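The following exercises are meant to be worked through with the sequence and the coordinates side by side. Please attempt each task before reading its solution.

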Amino acid sequence: MESEAELPKTLTTRHKCAACFKQYNKREHLIEHMKTSYHSVHEPKCGVCQKHCKSLESLREHIAGPLSRANCSRILAERGCKLCLEIFDSPTSLREHKEICRLPVPAPLGTEKMPCTEAEIDISVVNNGNHGAGTEAIAIDCEMVGGGSDGSLDLCARVCLIDEDEKLIFHTYVLPQIPVTNYRYEVTGITEEHLRDAMPLKEVRDKVLQFLYNGECIGRLRLDGGKARLLVGHNLEHDLDCLRMNYPDHLLRDTAKYRPLMKTNMVSHSLKYLTRTYLGYDIQLGVHDPYEDCVSVMRLYKRMCAQDHQVGEIGASMAAQHTNSIDYWSSKDLEKMGPDELFEISRSNYRCWCLDSGVCRLDVFPSSGEPVFINAFH
């Protein structure tokens with residue numbers, strides 16, 4: 001009889017994370033998980049079971065991988081888009097969505113000799129100081145040839161810039177500062193003739209910065225950007241290094257380093273993989289075309305910006321959200337909270353690009369490394 005009376009006391013209460021559904025024997029273990037997982041409404045989420053995942057690749061594994069959840073996989077196969085993983089109510093809605101989700105391959109510039117001229121530079125983009133459609137972000141891509149004794153040193157030999165409307169605003173071949181020892185023709189399509197009358201690197205850098213600064217002073221640029229434009233690209237650090245150019249980190253949008261677009265182990269995907277997986281077409285099948293790559297990174301950026309994470313439902317002020325994060329609560333208060341409450345005060349450790357589309361805007365990265373937001377409603 002005594003053993004029967006004690007039986008209920010031996011049952012273990014499981015504490016389940018409201019975001020990723022992991023379960024813990026002790027509440028303090030769940031709290032520690034919430035402090036280190038950085039769950040938030042910005043994480044990719046399964047449209048069937050609502051499970052949050054660290055990246056779109058981990059969501060894809062959950063919903064369509066070899067060890068996927070059976071019900072989620074079945075519903076995706078019936079009513080889901082295999083590109084964006086969104087679930088729809090009817091076959092008609094899904095069919096209409098697929099027509100706009102899978103994008104066409106952009107027409108390449110080609111590799112014919114195209115020296116930069118004033119006709120290829122859209123001066124209106126430089127002179128327009130407003131953040132209007134098509135001018136808020138600029139995508140860049142650089143093609144590299146080889147320098148040094150073994151041709152392994154990357155030298156910028158071609159630069160392309162486009163706006164949000166995929167309009168070419170700047171294109172030129174670049175004269176490297178040291179001799180070229182490997183043109184990497186099979187990949188770049190560049191020959192000695194292309195670079196014979198090419199623009200010097202310093203002049204190219206000044207032109208690119210002219211577009212990006214948009215008339216803004218350097219002090220304002222470093223503080224909050226002002227009227228300066230966002231720079232979108234893939235592995236931007238490498239492109240900027242080859243251009244010998246600096247640009248503030250808070251104005252960079254890098255598809256190689258954006259958390260949702262990375263592998264499950266937080267390693268970068270290639271632009272070719274991202275384009276095929278999330279836009280539905282292939283690039284870089286032969287000679288790399290900088291315009292084609294620019295369009296692809298801009299489309300990826302805009303697709304990530306267009307996600308609706310309903311950030312307004314969790315507090316009226318983004319600044320209040322930051323100060324109300326889980327790190328600001330005492331252990332005693334956290335012990336009283338349930339899984340849903342813990343998730344509500346959990347905050348992302350990366351800046352979601354959906355915040356670029358008018359809900360709120362990042363202004364500063366303080367020394368703590370945490371983003372500070374201001375309300376950007378007009």
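**Exercise 1.** Over residues 15-44, what percentage of the chain is helix and what percentage is strand, and how many Å apart are the end C-alpha atoms?

*Solution.* The model is a predicted one. Over residues 15-44 the chain is 37% helix and 13% strand, while the end C-alpha atoms lie 22 Å apart. In an unreviewed entry, UniProt places the feature "domain: C2H2-type" at these positions, 15-44.

**Exercise 2.** Determine which residues of helix 2 are buried, and where they point around the axis of the helix.

*Solution.* Begin with helix 2, residues 27-37, in which Leu30, Ile31, His33, Met34 and Ser37 are buried. Looking down the axis of helix 2, one finds that its buried residues fall within an arc of 160°, so they line one face of the helix. Next, ask what this set packs against: the partners are strand 1 (15-16), strand 2 (23-24), helix 15 (331-335) and helix 16 (339-344). Finally, continue just past helix 2, where Tyr38 takes a positive phi of about 55°.

**Exercise 3.** Establish which polar partners the side chain of Asp163 reaches, and how far away the nearest side chain of opposite charge is.

*Solution.* First locate Asp163, which lies in the loop between strand 4 (153-162) and strand 5 (168-175). Asp163 is buried, yet has no salt bridge; the nearest side chain of opposite charge, that of Lys167, is 5.8 Å away, whereas a salt bridge requires a distance within 4 Å. Then turn to the backbone: the side chain of Asp163 reaches the backbone nitrogen of Asp165 at 2.9 Å, and the backbone nitrogen of Lys167 at 2.9 Å.

Key: Residues are numbered from 1 along each chain as its sequence is written. This is a predicted model: local features need pLDDT of at least 70, side-chain atom pairs count only at pLDDT 80 or more; totals for chains, interfaces and linings use all residues. Side-chain values use heavy atoms; hydrogens and water are left out. Helices (H or I, at least four residues) and strands (E, at least two) are DSSP runs, numbered from the N terminus. Buried means under 20% relative accessible area, exposed over 50%, partly exposed in between (1.4 Å probe, protein chains only). Lys and Arg count as positive and Asp and Glu as negative; His and the chain ends are not counted. A polar contact is a pair of N or O atoms within 3.5 Å; within protein, one must be able to donate a hydrogen and the other to accept it, and residues adjacent in sequence count only if both atoms are side-chain atoms. The arc is that of the directions from the helix axis to the C-beta atoms. Contact means heavy atoms within 4.5 Å. UniProt positions are given in the numbering used here, feature names are shortened, and annotations may be inferred rather than shown by experiment.
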